[in-house]
Amino acid sequence: MQPISRRMFLASAAAVVVAACSDSSPSSVSTFTPGTGGAVTTTGPATSAPPTTAPAPAADLPGYPFTLGVASGDPDATSVVLWTRLAPDPLSGGGMPPTDIDVLWEASATPEFAGVVASAVVTSMADHGHTLHVRAELDPGEWYYRFRVGEHISPVGRTHVAPAADEQVEGVRFAAASCQNYANGHYAAHRDIAEQQPDFVVWLGDYIYESAGGANANPDARVHLGPEPTDVETYRNRYARYKTDPHLQAAHAACPWFVIWDDHEVENNYAGLMPQDPADAAAFAARRFAAYKVWWEHTPTRLDAPTDPNGEYRIYRDAQWGDLLELALLDGRQYRTDQACGDITLSLEPACVETFDPARTMLGGEQQEWLLSTLQESAAVWNVVGNQVVLADATINGAVLNYDQWDGYPAARTELLHSLAKRAIPNVVVLTGDIHLAAVAQLRDGDRATGTDVGVEFVTTSISSDGLVGDELTDVFKAFPDLVDAELAHRGYTLHTVTRDLWTADYRIVAEVADPDSEVTTFSTYEVAVGTNRVTTA
Ligand SMILES: [Fe+2]
């Protein structure tokens, strides 16, 4: 374990606070500790030195290391995680020497860093791909941050902490997004997210796709490079491919993100330790562990790094945005029963008997109970669930079109929706990604005619991933029991504006996903009035 090597802090009216301190007593700095990935507190002498820019640690690097940008995430009421990775040669292993490298981070009230109000040296570990997860304790307000090493200075990010859970908050604006297949198109949607400057982004999964690239792919083309990733190095190269995109970097630099995963961060439609192809089961635990580790490395999260190659890596967690939002973030991959019926898709045959086994679970018993208790104990106006796959009923005459969705786990879904009703949880909004189309669904306990409204599901379309079916099937999707509306033709994301009285969801769509400069507009808008659990068209 290495201590923080130096800390400087403005002890006067600084609005950015690394940690509580005074001139007369030791101060503390919280960071992720090299070697554990966990957050601990280390101590160092307080200083009343003026907030001047500190010299960056010397380092002999083969090139500019901040090729993957910066990010922040998982804000709570007192801190936010600042992220970067040193990678002078990002697509080929990173290009870093095999040693740990010290890096300086700085925060300022201005993007020019006219006054540096907080800074500290932290160590990027070779074992963690030279990534950094700095837990920066900040006062409320907008702050700018950057990293420096040797003569190199990173891009500047903007971030903030969250309002305290007992603070009355009048409004918030955030983006929900998922599914950014790099090989399927450009990220005009991310450009728009950055321009909108939301308070935060909720990422619902499929940050990368694991499919192999072409054998002779042009490194400058919009294609995946190399074979399907299966180990740490190949997953790192895949994340690097995505994170070199300037619009994705801009969206990360614009605001903090809350990030969860879906399947493609490991492999399509895996379930727990069961890979898509059962023949690969023996090696799958090692592959999944590598994928989880590299997901952590590239995610601005306050979670600790995974350590147990064969054990659980818990990412489901909750967050608050003042007294306005409770945000429960799920993991719909690690605890689920394997997909029923051989995971067939788009079959119009009645669902097989296995589908209805009451033991089948999407979240696992522990997570489902955690979700319900978290929502029940919430004092927030709105109870929000970040969810991977479509919860609403999208069956057709008893046929399950996609066994990977909650349709393939009907007993678990019925129990969840019934529990929401039984526990009288108010103002439930479920945010979902996965299926590369935009949809709005009314969630009920019971059937369409007599059921009780228990929440609303907003399904965001993909940032760039190809749609599953053509636009001519939009009317078919609208015929699903719970669906209020659907739009299949466009890529984009959903921009949510939330007040104490009204939830407004703007479905932002990209005119041409092949064009990074494409126009992005609002396709349609839906509303939920507080106290109704019912969606209406604006
Ligand atoms: Fe996807």
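This passage describes a predicted model of one protein chain, from its overall make-up to single sites.

The chain holds seven helices and 25 strands. Of its 538 residues, 60% are buried. Many contacts link distant parts of the sequence. Among contacts with a separation of 6 or more, 70% join residues 24 or more positions apart.

An iron ion is bound in the model. Four residues coordinate the iron ion: Cys179 through SG, Asp206 through OD, Tyr209 through OH and His436 through NE2. The distances run from 2.1 to 2.5 Å. The angles between the four donor atoms range from 87 to 171 degrees, so the arrangement is irregular. A tetrahedral label would require all angles to lie between 85 and 135 degrees. For four tetrahedral donors, the ideal angle is 109.5 degrees.

The donor residues follow the spacing C-x26-D-x2-Y-x226-H in sequence. Aspartate 206 sits in the loop between strand S13 (200-203) and helix H2 (232-243). Histidine 436 sits in the loop between strand S18 (428-432) and strand S19 (438-445). These two residues therefore tie together parts that are 230 residues apart in sequence.

Three of the donor residues can be described further. Aspartate 206 has a relative accessible area of 1%, so this residue is buried. Histidine 436 is also buried, because its relative accessibility is 9% and the limit is 20%. Cysteine 179 lies in the loop between strand S12 (171-177) and H1. Its relative accessibility is 1%, so cysteine 179 counts as buried. The backbone of cysteine 179 has a positive phi of about 65 degrees, although this residue is not a glycine.

Helix H1 spans residues 188-196 and is mostly covered. Seven of its nine residues are buried. These are Ala188, Ala189, His190, Arg191, Asp192, Ile193 and Ala194. Just after H1 comes glutamine 197, with a positive phi of about 50 degrees.

Another positive phi occurs at asparagine 269, which is not a glycine. The value is about 55 degrees. Asparagine 269 belongs to the loop between strand S14 (257-259) and helix H4 (281-297). With 12% relative accessibility, asparagine 269 counts as buried.

Proline 306 is placed in the loop between H4 and strand S15 (317-321). Proline 306 is buried, at 10% relative accessibility. Beyond its neighbours within four places in sequence, proline 306 is in contact with Phe289, Tyr292, Lys293, Trp296 and Tyr313. Tryptophan 295 is eleven residues from proline 306 in sequence. The C-alpha atoms of proline 306 and tryptophan 295 are 9.8 Å apart.

Glutamine 367 lies in helix H5, which covers residues 365-377. Its relative accessibility is 1%, so glutamine 367 counts as buried. Its side chain makes two polar contacts with backbone atoms. One reaches the backbone nitrogen of aspartate 331 at 2.8 Å. The other pairs a polar side-chain atom with the backbone oxygen of leucine 363, at 2.9 Å. Leaving out residues up to four places away in sequence, glutamine 367 touches Tyr316, Leu330, Asp331 and Tyr335.

Alanine 77 offers a partly exposed site. This residue lies in the loop between strand S4 (70-73) and strand S5 (79-85). Alanine 77 has 35% relative accessibility, and partly exposed means between 20% and 50%, so the label fits. Alanine 77 and valine 161 are 84 residues apart along the chain. Their C-alpha atoms are separated by 5.6 Å. Alanine 77 touches Val161, Ala162, Pro163 and Ala164, not counting residues up to four places away in sequence.

The second largest pocket encloses about 230 Å³ of space. Its lining consists of Asp393, Pro410, Arg413, Thr414, Leu417, Arg444, Asp445, Gly446, Asp447, Arg448, Pro481 and Asp482. Two elements, helix H6 (410-422) and S19, each give two or more residues to this lining. H6 gives the most, with four residues. S19 also borders the loop that holds histidine 436, one of the iron donors.

Terms used: Residues are numbered from 1 along each chain as its sequence is written. This is a predicted model: local features need pLDDT of at least 70, side-chain atom pairs count only at pLDDT 80 or more; totals for chains, interfaces and linings use all residues. Side-chain values use heavy atoms; hydrogens and water are left out. Buried means under 20% relative accessible area, exposed over 50%, partly exposed in between (1.4 Å probe, protein chains only). A polar contact is a pair of N or O atoms within 3.5 Å; within protein, one must be able to donate a hydrogen and the other to accept it, and residues adjacent in sequence count only if both atoms are side-chain atoms. Contact means heavy atoms within 4.5 Å. Donors are N, O and S atoms within 2.8 Å of the metal (3.2 Å for Na, K and Ca); water is not among the atoms, so sites may look incomplete. Four donors count as tetrahedral if all angles lie between 85 and 135 degrees; four count as square planar and six as octahedral if opposite donors are over 155 degrees apart and all others between 65 and 115; anything else is irregular. On a 1 Å grid over the protein atoms alone, a cavity is a set of points where a 1.4 Å probe fits but cannot get out, and a pocket is an open set with protein on both sides within 12 Å along at least five of seven lines; lining residues have an atom within 4 Å of a point. Grid points are joined across faces, edges and corners, and a volume is the space filled by probe spheres set on the points.
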